[in-house]
Amino acid sequence: MEIKANFKCPKCGYEYGYMCGADKTMNLYARIVRDMREGKYGEGIKKVFAAEPLAAVDVSRHLWICPECGKWKNRRDLSVYFPNDDKKEKIAEAREATMMLAVDDYEPQVYDEELRRDYHLVVPSVVRCECGAEMVKNDSPETLKCPKCGEDNPPDAREQKRTATDSTIQLDW
Ligand SMILES: [Zn+2]
Ligand SMILES: [Zn+2]
């Protein structure tokens, strides 16, 4: 599911927003996994991938908010998952079949629903705020601080209205 929100700060006029969810990003997924295998995300992650060649990454976007100072980041999760033991064989077979047809450097993307169903979390993503606190994932907060002046604003009313109209149209069909 995709979540999108836009804000217009009534205090300073700055416009900001965020987007959460999974996008189909084959090349990006392959690049992230390759970088993790090669150690670009640290030696720890490299060892994790060496221990389990079927390891997968959650590349979906989320909103992280600092519980201490209220600053936020909209970034990819990047938690690492291992396949469940009873699913390994099936996953390995499917992967091999896909790889046979693939060009160099291909890496079959594992999506949210597969991660939840067939995998378990091994390295949870920890997102730190510049103030040092650990940020908390929250994809639909009631308010979000303006990055420019710090005012805590609800999502843009115009945006909400447009979304409401869109869903009414969908219901009519
Ligand atoms: Zn903070
Ligand atoms: Zn502002």
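This note goes through the predicted model point by point, from overall make-up and confidence to sheets, cores and helices.

1. Overall make-up. The protein has 173 residues, of which 18% count as buried. Its secondary structure consists of five helices and 10 strands. Among contacts with a separation of 6 or more, 68% are between residues 24 or more positions apart.

2. Confidence. The mean pLDDT of the protein is 87, and 87% of the residues reach 70 or more. Among the elements, strand S6 has the highest mean pLDDT, at 97. The lowest, 46, belongs to helix H5, residues 157-172. Over residues 164-173 pLDDT stays under 50, and the model has zero contacts beyond four places in sequence for this stretch. The placement of residues 164-173 should be read with those values in mind.

3. The S1-S2 hairpin. Strand S1 (residues 3-8) and strand S2 (residues 15-20) run antiparallel and are joined by six bridges. One of the pairs across the two strands is Phe7 in S1 with Tyr16 in S2. Six residues lie between the strands of this hairpin, and Gly13 takes a positive phi near 85°.

4. The sheet S5-S4-S8. Three strands make an open sheet in the order S5-S4-S8, and the pairing is antiparallel. Strands S5 (72-76) and S8 (136-137) are at the edges with a single partner strand each, so one side of each has no neighbour in the sheet. Strand S4, residues 61-65, pairs with S5 over five bridges. Among the bridge partners are Leu63 with Asn74 and Ile65 with Trp72. The connection to S8 rests on two bridges, again antiparallel, and here Trp64 stands opposite Lys137.

5. Burial and the turn of S4. Is S4 enclosed or in the open? Four of its five residues are buried, so S4 is largely enclosed by the rest of the structure. The hairpin of S4 and S5 has six residues between the strands, with Gly70 at a positive phi near 85°.

6. The sheet S3-S6-S7. A further open sheet has three strands in the order S3-S6-S7, with antiparallel pairing. Its edge strands are S3 (56-57) and S7 (119-123), each of which pairs on one side only. Two bridges hold S3 against S6 (residues 80-83) in the antiparallel sense. In this pairing, Val57 has Val80 of S6 as its bridge partner.

7. The largest nonpolar core. This core has 13 residues, and those with the most contacts inside it are Ala56, Val57, Val80, Tyr81 and Leu115. Helix H1 and strands S3 and S6 each supply at least two of its residues. H1 gives the most, with three residues. As a general point, nonpolar side chains tend to be buried together in soluble globular proteins. Leaving aside neighbours within four places in sequence, Val80 is in contact with Ile45, Val48, Ala55, Val57, Val122 and Val123. Val57 is thus listed both as a contact of Val80 and as its bridge partner.

8. A second core. Separate from the largest core is one of 10 residues, which includes Trp64, Trp72, Met135 and Leu144. Of these, Trp64 has already appeared opposite Lys137, and Trp72 as the bridge partner of Ile65.

9. Val33 in helix H1. Val33 belongs to H1, residues 26-38. Which class of burial does Val33 fall into? With 20 other C-beta atoms within 10 Å, Val33 is buried, because the cut-off is 20 or more. Val33 and Ala56 are 23 residues apart in sequence, yet their C-alpha atoms are 7.6 Å apart in space. Beyond its neighbours within four places in sequence, Val33 is in contact with Val57 and Glu107.

10. Helix H3. How does the span of H3 compare with what its 14 residues should give? At 1.5 Å a residue, H3 (residues 88-101) should span 20 Å, and its end C-alpha atoms are 21 Å apart, which agrees. The number of buried residues in H3 is zero, so this helix lies largely in the open.

How values were computed. Residues numbered from 1 in each chain as written. Chains lettered and ligands numbered in written order. Predicted model: local features only at pLDDT ≥ 70, side-chain atom pairs only at ≥ 80, totals over all residues. Pairing = 2+ DSSP bridges. Buried ≥ 20, exposed ≤ 12 C-beta atoms within 10 Å, placed from the backbone. Contact = placed C-beta atoms within 7 Å. Core = buried A, V, L, I, M, F, W, Y, C linked by C-beta atoms within 7 Å. Expected span 1.5 Å × (residues − 1). pLDDT = per-residue confidence, 0-100.
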